[in-house]
Amino acid sequence: MQHYDAVVVGAGFSGIYMLHKLREQGLSCHLFEAGDGVGGAWYWNRYPGARCDSESYFYCYSFDDAICQKWNWSERFPAQPEIERYLNFVSEELDLKRDMTFCARVTKAAYDDDTGLWTVETDRGDAATARYVVTAIGGLTATAANLPAFEGIDDFQGQWVHTGHWPKGGVDFAGKRVGVIGTGSTGIQAISVIAETAAHLTVFQRTPAYIMPAKNHPLDAEYIAAIKADYPAIWAKAKAHRGGQPYDPPTLGFGDIDEAEARRLQEQYWDAGGLRVVQLFKDAYTNPDARLFTENFFREKVRAIVKDPEAAAILEPKGYPLGAKRIALDSHYYETFNLPHVHVVDAKKNRIERITPTGIRAGGKDYPLDIIVFATGYDAVTGPFKAIDFRGRGGQRLADKLADGPRAYLGLGFAGFPNLLTVNGPCNPALSTNVPTSIEHDVEWISDCIAYCEANGIKAIEPTEAAEDAWAEDTQAKIVGSLFEQADSWQFGSNVPGKPRRFLLWLGGLDAFRARCTEIAEAGYEGFDLRR
Ligand code: N01
């Protein structure tokens, strides 16, 4: 059996950088990846319209200025093919692919108490031992796609597909009657592009999202050059920001300007696209008047764009406060509902009852369909960990530990699982931030931690139960009184029937998280058990 110092699982943003860092520090490493190439979430999510809603110039690695200078983004908000190309470019620049095995899904990783080694197995029969295993499996991944258990799906005579594992060859919608279930960030992106070729499109919307225009556009050479010259300042700002974004926090309070001026700024920011319109006021989420003012602006926009008042009434966001679920960016989403072949069904009022051999039955009505697209999200954060049979000390199963909700110290490791380190694990802030900024932090922290163990003769490191308990409790404490409590969302696990309603992300802010992780490392890995 092959032996390595470290095995990395997954070749997305996290795994690529993790492999590089560990190899750089002289360890023998290997990476296993289920897809036939690098990309992770950006490999599997090749659905039409897939695009990032962070701006390209900071949705990328900062660690290597040569890479920053060499790569040119073509659009303000990068589409999936360009992000996949970027991750291939980085992997090739750093010559990483020679230490990667593709089409090899890790199915099991078990710790041997006697040897202190992990054995990692894949679905195609690879097996390797390693002293360290680092998971870079993401929180919203294909292995944990949420496919609601609608009755009748096996009898559907058409084609169905989940956005999270979209076929590489694409899906041909031309001349087809298509149904899309789900209007989260993914569905919103896919719907306007599917509508371009489908003969008829029915959108089954359960909860209307708050959606802002992306106003995506190509980037010109002058802008790119200015960004490249400014990268040191951009990265410093992103790392100090609670959301990992190189933006200045808003300074304006809702009461600081009159309504006409507030309205003028809202219009200006709406026209500019991106997140700015919800970042107009520093008290946008804490002052109910400020929030209502912004919510009403969104509702008015929907009514102004969507010509059919019945469709507009279904689409306008309501029933929960702005900020309680993820806000989405779109490209002509609302305009799509003005097309004569596109219709929205209120799936809260008219519940999807079943899939029939010829379509979907909702609210007692049959919708004939050739293709059903499930844009129904993920068993987020804990799902990807439960999809792999991780066995720790004494053979304990990680899936059992996670059955009652998310637990992990800092989202970086689990008590009872020595030398298993996790980039962006449960109870980590990453998925509430600009994810690559969080990933870089976690990768660098893990790499330093392993270097510390190697330098100090430490054979095994794992969080103590007490530190893990306290962090898991703090994760839940952080959301008490927050808007998130006022909605059902994947962040709460409430999109998956039977999943405990426990918040999956640590909401203290990336800036505070970075500071805490540094303190912990400087204190000799406080909260961890270190065994020589
Ligand atoms: O998944 P979601 P997503 N019957 O869970 C509906 C990231 N992302 O794939 O809201 C009917 O948000 C569900 O309805 P409801 C981003 O972090 C990033 O869209 O539960 N409908 C909802 O409308 C995002 O937050 C980018 O009432 C059902 C939808 O399906 C995360 O991925 C781009 C249903 C699921 O929405 C997940 O987004 C895209 C049922 N039984 C995504 N079950 C970037 O730009 C579920 N739904 C980086």
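**View 1. Backbone contacts to the ligand's oxygen atoms.** In this predicted model, a polar backbone atom of Gly184 sits 3.4 Å from an oxygen atom of the ligand. Thr183 offers a polar backbone atom too, this one 2.9 Å from a ligand oxygen. For Ala375, the distance between a polar backbone atom and an oxygen of the ligand is 3.3 Å. How much of the ligand's accessible area does the protein cover? On its own the ligand has 920 Å² of accessible area, and the protein covers 87% of that.

**View 2. The shell around the ligand.** Here we look at the residues that surround the ligand, 24 of them. The closest are Asp53, Thr186, Thr207, Arg326 and Trp490. Sort the shell by class and you get ten nonpolar residues, nine polar ones and five charged ones. Which helix gives the largest share of this shell? That's α5, spanning residues 185-197, which supplies three residues.

**View 3. Glu316 and its neighbours.** Now for a look at a single residue, Glu316, which is found in a loop. This loop runs between α10 (309-315) and β11 (328-330). Is Glu316 buried or exposed? Its relative accessible area is 12%, and because buried means under 20%, Glu316 counts as buried. Leaving out residues up to four places away in sequence, Glu316 touches Pro208, Arg299, Val302 and Arg303.

Note on methods: Residues are numbered from 1 along each chain as its sequence is written. This is a predicted model: local features need pLDDT of at least 70, side-chain atom pairs count only at pLDDT 80 or more; totals for chains, interfaces and linings use all residues. Side-chain values use heavy atoms; hydrogens and water are left out. A residue is near a molecule or strand if one of its heavy atoms lies within 4 Å of it. A polar contact is a pair of N or O atoms within 3.5 Å; within protein, one must be able to donate a hydrogen and the other to accept it, and residues adjacent in sequence count only if both atoms are side-chain atoms. Accessible areas come from the Shrake-Rupley method with a 1.4 Å probe; for residues, only the protein chains shown count as cover. Helices (H or I, at least four residues) and strands (E, at least two) are DSSP runs, numbered from the N terminus. Ala, Val, Leu, Ile, Met, Phe, Trp, Tyr, Cys and Pro count as nonpolar, Asp, Glu, Lys and Arg as charged, and the others, Gly among them, as polar. Buried means under 20% relative accessible area, exposed over 50%, partly exposed in between (1.4 Å probe, protein chains only). Contact means heavy atoms within 4.5 Å.
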